[in-house]
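Thanks, everyone. I'll keep this brief: the ligand site, then one sheet, then a loop.

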Amino acid sequence: MTTREWGAIYKEMGAKPVINATGSVTLLGGSTPVPEVKAAMDAADSAFIPLIELEQVAGDRIAEMLGVPAAYITSGAGSALTLATAAFMAGTDNAKIEQLPDTTGMPNEILIQKRQRYWYDRCLELAGAKLVEFGDENGTSEDDLRNAISDRTAAVHYVVYEQRPKDPNVLTLEQVIKITHDAGKPVSVDAAGQIYPLENFGKYVKMGADFQCIAAKYMGAPHSTGFALGTKEVIDAISRHSFVGYETHRIRGIGRPHKIDRQEIMGVVAAVRRWFSIDHEERLSIAEGQSQAILRPLKGIPGVRAELNTNIMGHQPYGVFIDLDPDVVGFTNADLVQKLRDGDPSIWTRVPDGASRLELHVFGLGEGEAELVGNAIVAAVKG
Ligand SMILES: *Cc1c(COP(=O)(O)O)cnc(C)c1O
């Protein structure tokens, strides 16, 4: 039993495991590969295989399942974003691939709506591209985009969070695709978490985007994996810029450190297969049940407003919002986050950037942990 005890492998080494009530966040380790994925990864150990061929075949299988032209497995959605910008700037020209991140003589601007600036947009600059904003904090017009596109434009980037309320002050993806393609430039989409409902999985490429990323951390694959979906042209270029292009074609591109192993590649394929075969109603009902288990002990506690998050779109359905009344409880929402973190076991939650209440997700909770989280919150509030 000892090594299977909760967190024992970390504790024995002197590191402190935590209960993850935040959700799929990279700072805590993102995801736990599901059994089907682990089995595929173990089976991959049995032989070596040229990775450029494995990437090709695995990408083909994922593309078929999704109904898009092509796919390429990367070391995370962030890596897919960086490789895609490299592809947009240098294409399949070997000399240019080797010249990056020096972009002299190439289109090197990635256009992004000011209101869509976000945490991961740094990944768009790592291959040498420059982010250029269009529109302003109040909104964007079609002319803002038309005027921003020039010979220097490598691509126009768009971010999709369908689980959030629509921002009426940004251009829609349809508008961006139309205007950008009319100007002869490609469209890049970050849809990392858009894997449910299933019709959203790969939808943006089907709508006409040249590239979109997916974070496989959200679907039971290793946390370190993701993939690019796109036109054959963009995906072929990504392959040449990637570590397999570096090693197989001897093209010294920026993708060499974005390495992924054969076990992870097979894990991602297994995760996508599983995603198309599991009972999503059951997946949602389990998440709702865990959320209700957090909520149950919080009912009727003075000063605690706790509410079910009913969102089921994207990668982490349901969850719980918690908002304390500091006048009643004696401390703030931020204090509660700290108290839970300081507890034993340490429970990690957060008030997301720009929000005021705690937003808990059950994505990272193991057996019995939802009840434990609810009870720990009651204990913290009652002091
Ligand atoms: C998680 C995420 C990323 C980065 O994905 P990694 O696989 O962690 O590199 C990019 N964009 C969005 C919207 C994400 O949620």
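Asp-190 puts a side-chain N or O atom 2.7 Å from a nitrogen atom of the ligand. Keep in mind that this is a predicted model. Two further polar distances involve ligand oxygen. For Lys-217, a side-chain N or O atom is 2.9 Å from an oxygen atom of the ligand. For Tyr-218, a polar side-chain atom lies 2.5 Å from a ligand oxygen.

How much of the ligand's accessible area does the protein cover? On its own, the ligand has 380 Å² of accessible area, and the protein covers 90% of that.

Now the shell. Going along the sequence, the ligand is surrounded by Thr-26, then Gly-76, Ala-77 and Gly-78, then Tyr-120 and Tyr-161. Asp-190 and Ala-192 follow, then Ala-215, Lys-217, Tyr-218 and Thr-225. By class, the shell has six nonpolar residues, four polar and two charged. Asp-190 and Lys-217, which we just met, both belong to this shell.

Next, the sheet. It is open, it has three strands, and the order is E9-E10-E12. Pairing is antiparallel. Why do E9 and E12 each have one side without a neighbour in the sheet? Strand E9, 304-308, and strand E12, 358-360, stand at the edges; each has a single partner strand, so one side of each is left open in the sheet. From one strand to the next, the twist averages 20 degrees.

Look at the E9 pairing. Strand E10 covers residues 320-324, and E9 pairs with E10 over five bridges, in the antiparallel sense. To find the register, start at Val-304: Leu-324 in E10 stands opposite.

Two helices go with this sheet. Helix H12, residues 280-295, lies across E9, E10 and E12. H12 runs at about 170 degrees to E9. Helix H14, residues 333-342, lies across E10 and E12. The angle between H14 and E10 is about 115 degrees.

Last stop, the loop. Which secondary-structure elements flank the loop that holds Pro-101? They are helix H5, 94-99, and strand E3, 109-113. What does Pro-101 touch, leaving out residues up to four places away in sequence? Pro-101 touches Leu-126, Ala-127, Gly-128 and Ile-254. There is also a C-alpha distance to note. Pro-101 and Glu-125 are 24 residues apart along the chain, and their C-alpha atoms are separated by 9.2 Å.

That's my tour. Over to you.

Conventions. Residues are numbered from 1 along each chain as its sequence is written. This is a predicted model: local features need pLDDT of at least 70, side-chain atom pairs count only at pLDDT 80 or more; totals for chains, interfaces and linings use all residues. Side-chain values use heavy atoms; hydrogens and water are left out. Two strands pair if DSSP finds at least two bridges between them. Helices (H or I, at least four residues) and strands (E, at least two) are DSSP runs, numbered from the N terminus. Axes are lines fitted to C-alpha atoms, for helices over the stretch in contact, and angles run from 0 to 180 degrees between N-to-C directions. Contact means heavy atoms within 4.5 Å. A residue is near a molecule or strand if one of its heavy atoms lies within 4 Å of it. A polar contact is a pair of N or O atoms within 3.5 Å; within protein, one must be able to donate a hydrogen and the other to accept it, and residues adjacent in sequence count only if both atoms are side-chain atoms. Accessible areas come from the Shrake-Rupley method with a 1.4 Å probe; for residues, only the protein chains shown count as cover. Ala, Val, Leu, Ile, Met, Phe, Trp, Tyr, Cys and Pro count as nonpolar, Asp, Glu, Lys and Arg as charged, and the others, Gly among them, as polar.
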